[in-house]
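Let's take a walk through a protein together. Keep the viewer open, and turn the model as you read.

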Amino acid sequence: MNPVVELRRDGEIAVLAVNSPPVNALSAQVREGIVEGIRQAGADASVKAVVLHCEGRTFFAGADISEFGKPPKQPMLPEVVDFIEASSKPVIAALHGTALGGGLETALACHYRVAVPSAKCGFPEVKLGLLPGAGGTQRLPRLVGPERAMEMVTSGSPISAKAAKEMGIVDELVDESDLLASAIAFARKVVAENRPLKKVRDLDDKIAAARGKPEIFDAFRKANARKFRGFQAPEYNVRCIEAAVNQPFDEGIRLERQLFQELVSGEQSAAQRHVFFAERQVWKIPDISDDTPTLPVKKVGVIGAGTMGGGISMNFANAGLPVTIVEAKPEALERGLGVIRRNYESTAKKGRMSMEDVERRMGLLTGSLKLEDLADCDLIIEAVFENMAIKKEIFSKLDAIAKPGAILASNTSYLNVNEIAAMTKRPEYVLGMHFFSPANIMRLLEVVRGEKTDKRVVATAMQLGRQIGKIAVLVGVCHGFVGNRMLEPRQREANRLILEGAMPWDVDRVLYEFGFPMGPFAMADLAGLDIGWSRETSKGETAREILCEQDRRGQKTGAGFYDYDENRNAKPSKLVEQIILDLSAKKGITRREISDQEILERCVYTMINEGAKILEEGIAIRSSDIDIVWINGYGWPVYRGGPMFYGEQVGLGKVLDRLRAYEAKFGADFKPAALLERLVAEGKGFRDL
Ligand code: T1G
């Protein structure tokens with residue numbers, strides 16, 4: 001008796017009922033049950049049709065991702081879907097929730113599909129570095145045509161049931177209140193009208209027109225080249241769709257299997273599957289159980305209407321929470337609210353928001369020049385200039401103003417949250433909520449737990465992070481927390497490398513080719529080289545200082561480490577090259593040839609080493625949290641899984657050896673973390689912690 005799949009009857013209609021929480025993933029047990037159910041139904045003459053229905057919150061949400069990378073268990077999904085399609089009785093899939101990946105492939109192998117309007121379906125495999133490996137790349141284009149199929153399998157984004165109906169994926173939208181009854185009624189209609197066993201594999205009308213036209217696929221590749229940069233899976237998906245158009249079904253299936261095997265056994269998919277589970281782990285705090293009560297947050301206060309304060313406020317307005325924004329000067333407040341309105345209006349102009357929505361969100365924002373106006377807020381986030389004295393002054397004032405039980409948070413990027421909390425009589429209600437610029441866009445939120453922060457306050461901040469669409473990672477107090485602390489050694493090495501022999505564009509090229517959206521010097525030019533710089537204190541000691549002294553402040557001045565043309569395209573600068581050569585000479589450094597590998601190792605292995613120290617000190621709960629911070633806050637390429645995962649893929653032994661080699665050459669900055677040495681000695685990895 002299969003514990004998760006049951007064959008029931010409703011007169012002449014058999015119902016294959018699947019119940020495998022939480023998301024009916026197509027595990028081996030589920031696959032077995034489906035095949036057995038179809039076999040039994042097929043053998044029973046009194047059965048005229050079969051309805052495939054999942055209980056719980058969703059139809060199959062895909063293959064069981066946790067099975068990948070392990071020895072395969074029969075029957076494999078491709079066999080299951082072929083078995084369904086070959087059934088002698090019509091099989092009707094009843095879709096609700098999220099019919100994704102292998103789940104949608106299973107539905108496409110059924111002869112008919114009905115769905116409730118709230119259902120979604122899609123092929124997210126590309127987000128796992130994969131492709132639909134159970135016939136999806138061959139059946140989907142036969143239903144929706146190659147262009148839409150390529151869009152669906154390379155974006156990985158789900159579509160609504162309504163769109164699926166319009167595209168011909170779904171045959172009928174049925175009553176939301178009773179999917180199963182509607183599906184059984186539909187099955188009865190199929191039997192009564194003696195409708196054919198519609199096999200998607202036999203369809204050709206949607207692909208015939210594209211046959212022998214490689215330009216369709218090349219145009220798609222060209223249009224998405226930037227988006228697909230570095231990823232292996234998108235191209236493999238396109239090749240399968242191209243095969244579906246130009247080759248017989250079974251040939252296309254063979255290519256799909258071959259390319260799927262290549263991807264699933266490759267490094268990129270291993271990395272992206274790691275990220276899938278890591279993104280779900282961040283919410284699990286070992287000493288704070290899921291049922292920890294959270295504090296009500298109905299009204300938010302934000303201090304500072306600058307870039308960060310404005311972006312932070314938009315997050316809460318977007319979630320329907322009223323926000324009071326306090327500024328010191330009326331012109332600064334006006335400017336801040338103006339930037340927010342322009343932001344919303346440009347989103348509306350792009351058709352991604354209605355003007356009613358713009359007004360509704362602006363209506364939730366109230367400007368003020370008085371801290372006292374925050375007295376009735378449940379959460380107050382301070383987002384002022386990164387200066388400890390100013391922050392301490394604000395928190396001591398807030399302590400007198402804010403109501404009992406209000407959460408006081410600082411958006412500091414580096415500073416000691418415990419010191420800030422000590423300025424109040426309620427340190428248990430103080431923590432850090434470190435947003436990333438632009439705060440209304442960047443998904444990452446570092447929630448900084450102070451030594452006295454109450455568990456309910458931590459639980460509330462994490463929950464709020466989820467509520468405003470962020471991925472919240474809990475970190476401890478240290479200089480720069482997790483992200484910025486690991487950024488420092490990378491920046492340090494980048495600045496040293498350009499003095500020792502490399503040029504800024506060499507370092508940037510290596511990190512760009514590694515997969516970062518841009519290298520540290522191009523990033524510095526984008527942000528502005530004069531952040532934290534002043535002519536009074538400038539000593540011309542670093543390339544950055546000298547460039548600022550020469551008014552090369554970055555993109556905004558058309559020149560920084562790079563020269564920029566009118567379209568802001570960067571090109572290496574002869575003048576900068578000379579400045580750096582002179583600076584090396586002035587510092588008595590004999591420049592040398594530096595390999596790309598050395599650039600990569602010094603910039604990345606030092607980060608991994610710092611990550612190990614962060615784990616040692618308990619500043620991060622687990623190594624995968626560090627990976628999530630870097631992927632969602634600092635542009636680490638998701639197909640490399642994050643710095644800690646990458647370190648394990650390279651091999652911690654190799655990372656350790658290289659660090660020791662650099663330590664011998666360059667000193668203590670490369671001293672391996674004790675944790676790294678211990679793990680290598682024990683033959684373990686970060687994930688074993
Ligand atoms: N396999 C295994 N576990 C899964 C899973 C899956 N497919 N989907 C979810 N889980 C677990 C998840 O780890 C979490 O566990 C719990 O379920 C709830 O998930 C051959 C190759 C369905 C939209 O990529 O996108 O099919 O943390 O917290 O926010 O072609 O889960 O509680 O222990 O995310 O409501 C393709 C992946 C697979 C969909 C629900 N399918 N899942 O979101 O809950 S590859 C996917 C999701 C494939 C075939 C190929 C989401 C969701 P825990 P959750 P949610």
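A polar contact is a pair of N or O atoms within 3.5 Å; within protein, one of the two must be able to donate a hydrogen and the other to accept it, and residues adjacent in sequence count only if both atoms are side-chain atoms. Before we use that idea, note that this is a predicted model, where local features need pLDDT of at least 70 and side-chain atom pairs count only at pLDDT 80 or more, while totals for chains, interfaces and linings use all residues. Residues are numbered from 1 along each chain as its sequence is written, and side-chain values use heavy atoms, with hydrogens and water left out.

Now find the ligand. Which backbone offers a polar atom 2.8 Å from an oxygen atom of the ligand? That is the backbone of Ala-63. Side chains take part too: an N or O atom of Arg-280 lies 2.7 Å from a ligand oxygen, and one in the side chain of Arg-57 lies 3.1 Å from a ligand oxygen. Taken alone, the ligand exposes 990 Å², and the protein buries 73% of that (areas come from the Shrake-Rupley method with a 1.4 Å probe; for residues, only the protein chains shown count as cover).

Let's widen the view. The ligand is surrounded by 27 residues, and the closest are Ala-63, Gly-102, Glu-105, Arg-280 and Lys-284; a residue is near if one of its heavy atoms lies within 4 Å. This shell divides into 16 nonpolar, 5 polar and 6 charged residues. Here Ala, Val, Leu, Ile, Met, Phe, Trp, Tyr, Cys and Pro count as nonpolar, Asp, Glu, Lys and Arg as charged, and the others, Gly among them, as polar. At least two shell residues come from each of β5 (98-100), α3 (102-109) and α13 (267-281), and α13 gives the most, with 3. Helices (H or I, at least four residues) and strands (E, at least two) are DSSP runs, numbered from the N terminus.

Next, look at how some helices pack. The axes of α4 (residues 136-144) and α11 (residues 233-246) come within 8 Å and cross at roughly 60 degrees. Axes are lines fitted to C-alpha atoms, for helices over the stretch in contact, and angles run from 0 to 180 degrees between N-to-C directions. That crossing angle makes α4 oblique to α11 (under 35 degrees is roughly parallel, over 145 roughly antiparallel, 65 to 115 roughly perpendicular, and the rest oblique).

Finally, visit two loops. In the loop between β2 (13-18) and α1 (28-43) sits Pro-22, and the peptide bond from Pro-21 to Pro-22 is cis, with omega near 5 degrees. Asn-24 is found in the loop between β2 and α1, and its phi is near 50 degrees, a positive value in a residue other than glycine. Most residues other than glycine have a negative phi, and most peptide bonds are trans. Pro-75, in the loop between β3 (49-54) and α2 (77-85), is joined to Gln-74 by a cis peptide bond with omega about -10 degrees.
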